[in-house]
Amino acid sequence: MDFELPDDIKEFCDVTRAIVRDLLPHEAEFQATGKVPPIVRQTLVDNGYFGMALPEQYGGLGLGALAQAAVQIELARLPPQFWTELRPLMGPGAKNIIYHGSDAQKEALLPGMCTGEIPIAFALTEPNSGSDPGSMRTTAVRNADGWVINGSKTYISNGKNAKYVIVYAYTDKAAGPRGGISAFLMPADTPGFAVTGTIELMGTATPGVYELTFDECQVGPDALIGELGRGFHYALEGLNEGRMNVGATAIGMGEYALELAIEESRQRPAFGGVISDFQAIRHYIATMATDMRAARLILLDACWRYDQGEKKRELASMAKLFATEAGSRTVDTAVQIFGGSGYCRGFAIERLYRDIRITRIYEGSSEIQKNTIARELLR
């Protein structure tokens, strides 16, 4: 068994680590102004990161799940706001287009997605249907001109900037979620579509995530993605990769926190020495390092198997569950090692503490991951 990353992925990770190192000094400006410096986005565009998960024939890099995860572990050292736009391009919405979109839909979107010119949003969650998408109320009713979409969505990343929105709606309520939900590709300038609210967050996105409403939004028959009634399946399919991506983010944050904590423990004076002289701190570091190594191996194994065609939901859920829980424990312990300064704005540890918390919730909470793992094993 070979636990090493392939040479080409290692090389991309090394390049990414260098780019991240160059971009991290811009964090101070971001924290002071609340605005991401333009050089950050341009650097990511110029180096092909917007097209990481998109097919080569449309200008992307066509990276598999293993390469995407390894690179995201490196990117996760940056404030999440620096690469918020990349997430939808590797998430379920983009995968729906890649796997199930028509040739016309792919030609219209994928080249612009690769260059960062066409931001997209994935609109699944609703105010009353988070972990239970089957209870959504958004509908799409067929008419002579295509479909009319009505409803609302919430917690939508990139909702304000998106030029296209992938919308999930009931087309046949009687058929239930597994046969009655469909996916649609809707231009953001469609009459009746509106961004009706911004939800400010503790971390991760600036200024936050968005509430969307659809009021008699008319889309053409060509807006349907894939087959009628298959939207629920497409969403779950895309969530497999999305969950591994979230796990990679949590690992990157946790590993960065571990490095910072080790450095702090070596230089922070206490009782005539430094705090790393004390067994309590050493035990913290040992547990953190073990957690992060186990998380990395579980995640990369799941990603490798996914690339080999072993697309088991329980493996993706195990990877997300363990990585996000272990990453969160590690960041929390790092704050303890830093002491009071770890709770102060301006320190990367404080930022990591705020940002990592959401990884245990979105793309399916830890509790949902446990349900998925058990359900798949008990089939």
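1. How many bridges join strand β6 to β7, and in which sense do the two strands run? In this predicted model, strand β6 (residues 193–200) is joined to β7 by seven bridges, and the pair runs antiparallel. One register point can be checked directly: Thr 198 has Tyr 210 of β7 as its bridge partner.

2. Strand β7 also has a pairing with β3. Strand β7 covers residues 208–219, and its pairing with β3 is antiparallel over seven bridges. Within this pairing, Val 148 stands opposite Gln 218 of β7. Strand β7 is thus a shared element, since β6 is joined to β7 by seven bridges and β3 pairs with β7 over seven bridges.

3. Gly 146 deserves a separate remark. This glycine has its place in strand β3. Its relative accessibility is 4%, so Gly 146 counts as buried, the limit being under 20%. The C-alpha atom of Gly 146 is separated by 4.2 Å from that of Gly 220, although the two residues are 74 apart along the chain.

4. Two residues in these strands merit inspection of their backbone angles. Tyr 155, found in strand β3, has a phi near 55 degrees, a positive value in a residue other than glycine. Glu 216, which lies in strand β7, likewise is not a glycine and has a positive phi of about 55 degrees. Are these residues buried or exposed? Tyr 155 has a relative accessible area of 53% and is therefore exposed. For Glu 216 the value is 51%, so this residue is exposed as well. The cut-off for this class is over 50%.

5. The largest pocket holds about 1,200 Å³ of space. It is lined by 46 residues, of which Thr 125, Leu 239, Tyr 362, Glu 363 and Gly 364 are the closest to its centre. At least two lining residues come from each of α5 (86–90), α6 (92–100), β1 (120–123), β3 (146–156), α9 (231–267) and α13 (366–377). The greatest contribution is that of α9, with nine residues. By class, the lining comprises 21 nonpolar, 17 polar and eight charged residues.

6. The second largest pocket has a volume of about 670 Å³. Among its 25 lining residues, those closest to the centre are Asp 2, Phe 3, Glu 4, Leu 297 and Leu 300. The elements α1 (7–23), α4 (65–75), α9 and α10 (279–307) each supply at least two residues of this lining. Here α10 gives the most, with 10 residues. The class division is 13 nonpolar, two polar and 10 charged. Helix α9 contributes at least two residues to this lining and also gives the most to the lining of the largest pocket.

7. The model has one cavity of 30 Å³ or more. The volume of the largest cavity is about 50 Å³. Its lining consists of Arg 41, Phe 50, Glu 85, Pro 88, Leu 89, Met 113, Gly 116, Ile 118, Pro 119, Ile 120 and Asn 158. By class, these are seven nonpolar, two polar and two charged residues.

8. Helix α13, which supplies at least two residues of the lining of the largest pocket, has 12 residues. From its first C-alpha to its last, α13 reaches 17 Å, close to the 16 Å expected at 1.5 Å a residue. Ser 366, Gln 369, Thr 372, Ile 373 and Glu 376 are its buried residues to note. Why do they lie on the same side of α13? They cover an arc of only 115 degrees around the axis, which places them on that one side. An α-helix has 3.6 residues a turn, so residues three or four places apart point the same way. On the other side of α13, Glu 367 and Lys 370 are exposed.

9. Helix α11 (residues 313–338) also agrees with the expected span. Its 26 residues should span 38 Å at 1.5 Å a residue, and the end C-alpha atoms are 37 Å apart. This helix is mostly covered, with 19 of the 26 residues buried. Gly 339 follows α11 and has a positive phi, near 70 degrees.

Key: Residues are numbered from 1 along each chain as its sequence is written. This is a predicted model: local features need pLDDT of at least 70, side-chain atom pairs count only at pLDDT 80 or more; totals for chains, interfaces and linings use all residues. Side-chain values use heavy atoms; hydrogens and water are left out. On a 1 Å grid over the protein atoms alone, a cavity is a set of points where a 1.4 Å probe fits but cannot get out, and a pocket is an open set with protein on both sides within 12 Å along at least five of seven lines; lining residues have an atom within 4 Å of a point. Grid points are joined across faces, edges and corners, and a volume is the space filled by probe spheres set on the points. Helices (H or I, at least four residues) and strands (E, at least two) are DSSP runs, numbered from the N terminus. Ala, Val, Leu, Ile, Met, Phe, Trp, Tyr, Cys and Pro count as nonpolar, Asp, Glu, Lys and Arg as charged, and the others, Gly among them, as polar. Two strands pair if DSSP finds at least two bridges between them. The expected span of a helix is 1.5 Å times one less than its number of residues. Buried means under 20% relative accessible area, exposed over 50%, partly exposed in between (1.4 Å probe, protein chains only). The arc is that of the directions from the helix axis to the C-beta atoms.
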